[in-house]
Amino acid sequence: MVPFALIVLLGGAWGLLGGKVPGDGMVPRLQAAEPTSTPVRATPPRNKDDIELEQMMKGRKAIRAFTVRGQSIAEAPPFKVETRQDKMQFYPCTNCHDNQFVDRRVRKLTEEHRELVFEHGGGRFWCYDVCHNGRDMNRLISYRRQPISYDESYKLCGQCHFERQKDWVFGGHGKRLGAFAVPRNIPEKYEELKVADRQAIGTWQGERVVHMCASCHNPHSPAIKPYTPSPPPRVRLGLAPPATRGAPAPKPWQKPGPSKGGAPAAITPVSKAPAAGAPAGVKP
Amino acid sequence: MLTFLAGLFGAVPAVAQKVAEADDHALSDAVGALFQKHYQKMTPEEVQEAIARITRTAKREQGVDITVATDPPLQGVIFGYALNISKCKGVRRCVEACVAENNQGRESQIQYIRVLELEKGDMNLNDADHYFAPELVPQPGKFYMPIQCLQCDNPPCVIACPVQATWKEPDGIVVVDYNWCIGCRYCMAACPYWARRFNFSQPKIPKEQVNTDTHYLGNRPRPRGVVEKCHFCIQRTRKGRLPACLEACPTGARVFGNILDPNSDIRYVLENKTVFRLKEELGTEPKFWYYTD
């Protein structure tokens, strides 16, 4: 009786104390990401255009640009983005473009920028004036004719992809800068990926430093391309690899429907033949 | 007579020390590891002795200098993980990164993460293909779902363990004391998600691939005959870093953070995205969610 009460009391005390185990003292929280060699800037830098638009959007809670808690991207927790301008191959664009002569013809580019494949928007986009500003080639342009710096190009993408931009601002899309920070050109070999780009230590707490849209998506052909996968797990010793799966038995919604105006076709029972090799229940 | 006996007994520790040092503590380390107490019952000094044994053993047997941390759980933190199955393309870089980070046996090919390939529209995990190896992923008509230990809040493995070698830490991670595990594998039978792996052989890792930043409850060198599993990279996450699988994912499908922090990425995903968990009907309350865009 007394020992039982003692056990309950001590167990309760242990639980109340946080259930800590003996060991080192508390590790202090990381205050901020380690200083990165990739320049970053705080975001969102809000100019008067941004403030004017936020005021205009403030009353409209019904649309999908707001979170469940009613926050817009202007009310998101602060974060930082890596800069983009310093990584661009041809910046400043005025090295070639003089901001006076603008060739707006839709044509195949033969002199410069030949390597670009234009797949954005199903190929229906053209440079001027959807994203690029013929009169100010060092900056992008919005549909409202507001200049957008290359370091804030997410604002341009967010004009159409505002749901994805909301996800990105709040952390549900994209990646933080980290030891395996993945730029657009992802190496095929895992060994190269491991040592590449150890600029910032990726953290889940402290300052949030994220990749921009254009870090992973090529703005001219933004869809992520297929990868070569890493090798599959090894089959357990002594077991045969599972037989190659043919097309699985069709599900009810994949079968041709009943003929109209007649009795519905009888539902045939779907029986899955077990794989010739290891049974499906075999797992690691 | 008494002084003789006192002298004899007094000399025993010194003799034991000399014997232990003769073979670089191999026997005393083995005996000490066998008879050490459960991690939760050890005093700080005993924990340090256990760590000294581990580092000496690693140096002696593999020739690497490792550090073994014992970072306690952070206050006000419960870890959560979310994975976007719209973005996962089955690339399996997460699997490779996990193996590189967590010192799993290379010959035994232990991998904590298992990526499943399923037909779109099919949520029956028994239909999944574990051994897919096409030229390019994603294959048309398929979607991909990696499974690792889902760090349940009501873990059946913890209930099943007959010696309480596995338990749930206050920050939500289900950990294993590898020196206390007896290798009965009841936990492997209990886990509904096939998350646990058993060391049938001594894990062997090439010397240059050993990760020397380890945690006692995480990726420190494990002996043969114990069960291991994903521990949310406890050696990284308790220091504020991201797990290796998240950092390696080329599509950014993984989201990790503190679910008690209302401003964290994981909280945004749980509140605003369409999330589900595997085998909800079992009541295991996993802390690993899947979501779609």
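A salt bridge is a side-chain nitrogen of Lys or Arg within 4 Å of a carboxyl oxygen of Asp or Glu. Keep that cut-off at hand for the exercises below, which work through a predicted model.

**Exercise 1. Decide whether Lys225(A) and Glu119(A) form a salt bridge or stay apart, and say which parts of chain A they belong to.**

Step 1. Look at the distance: N to O, the two side chains come to 3.8 Å. The cut-off is 4 Å, so the pair counts as a salt bridge.

Step 2. Place the residues. Lys225(A) sits in the segment after helix 7 (213–216) of chain A, and Glu119(A) in the loop between strand 2 (79–82) and helix 3 (127–130). The pair therefore ties together parts that are 106 residues apart in sequence.

Step 3. Check the surroundings. Lys225(A) is partly exposed at 44% relative accessible area, and Glu119(A) is partly exposed at 40%.

**Exercise 2. Work out how buried or exposed the partners are in the salt bridges Asp136(A)–Arg139(A) and Glu101(B)–Arg236(B).**

Step 1. Begin with chain A, where Asp136(A) and Arg139(A) meet at 2.8 Å, N to O. Asp136(A) has a relative accessible area of 18% and is buried, while Arg139(A), with 36%, is partly exposed.

Step 2. Turn to chain B, where the closest N and O atoms of Glu101(B) and Arg236(B) are 3.1 Å apart. Glu101(B) belongs to helix 4 (residues 93–101) of chain B and Arg236(B) to helix 7 (residues 234–237), so this bridge links distant parts of the chain, 135 residues apart.

Step 3. Apply the cut-off for burial, under 20% relative accessible area. Glu101(B) is buried at 12%, and Arg236(B) is buried at 5%.

Step 4. Look for shared partners. Arg164(A), Asp167(A), Lys273(B) and Asp293(B) are joined into one network by salt bridges. Over all chains, the search of the whole structure finds 29 salt bridges.

**Exercise 3. Find how many disulfides the structure has, and inspect Cys131(A) and Cys245(B).**

Step 1. The search of the whole structure gives zero disulfides over all chains.

Step 2. For Cys131(A), the nearest cysteine sulfur belongs to Cys157(A), 7.7 Å away. A disulfide needs the sulfurs within 2.5 Å, so Cys131(A) is in none. Cys131(A) is partly exposed, at 23% relative accessible area.

Step 3. For Cys245(B), the nearest cysteine sulfur is that of Cys233(B), 5.9 Å away, and Cys245(B) is in no disulfide either. Cys245(B) is buried, at 6%.

**Exercise 4. Identify the residues of the nonpolar surface patch that includes Phe35(B).**

Step 1. The members are Leu27(B), Val31(B), Leu34(B) and Phe35(B), and together they have about 460 Å² of accessible area.

Step 2. Take one of them in detail. Phe35(B) lies in helix 2 (residues 26–35) of chain B and is exposed, with a relative accessible area of 65%.

**Exercise 5. Describe the fold of chain A and judge where its confidence is lowest and highest.**

Step 1. Count the elements: chain A has seven helices and five strands. Along the sequence they run α-β-α-β-α-β-β-α-α-α-β-α.

Step 2. Consider the packing. Of its 284 residues, 31% count as buried.

Step 3. Read the confidence. Chain A averages a pLDDT of 71, and 60% of the residues score at least 70. The lowest mean, 47, is in helix 6 (residues 190–195), and the highest, 93, is in strand 3 (residues 140–141).

Notes
Residues are numbered from 1 along each chain as its sequence is written. Chains are lettered from A and ligands numbered from 1 in the order in which they are written. This is a predicted model: local features need pLDDT of at least 70, side-chain atom pairs count only at pLDDT 80 or more; totals for chains, interfaces and linings use all residues. Side-chain values use heavy atoms; hydrogens and water are left out. pLDDT is the predictor's confidence in each residue, from 0 to 100. Helices (H or I, at least four residues) and strands (E, at least two) are DSSP runs, numbered from the N terminus. Buried means under 20% relative accessible area, exposed over 50%, partly exposed in between (1.4 Å probe, protein chains only). Patches are made of residues with over 30% relative accessible area and no salt bridge: like charges are joined within 9 Å, nonpolar side chains (Val, Leu, Ile, Met, Phe, Trp, Tyr) within 5 Å. Accessible areas come from the Shrake-Rupley method with a 1.4 Å probe; for residues, only the protein chains shown count as cover.
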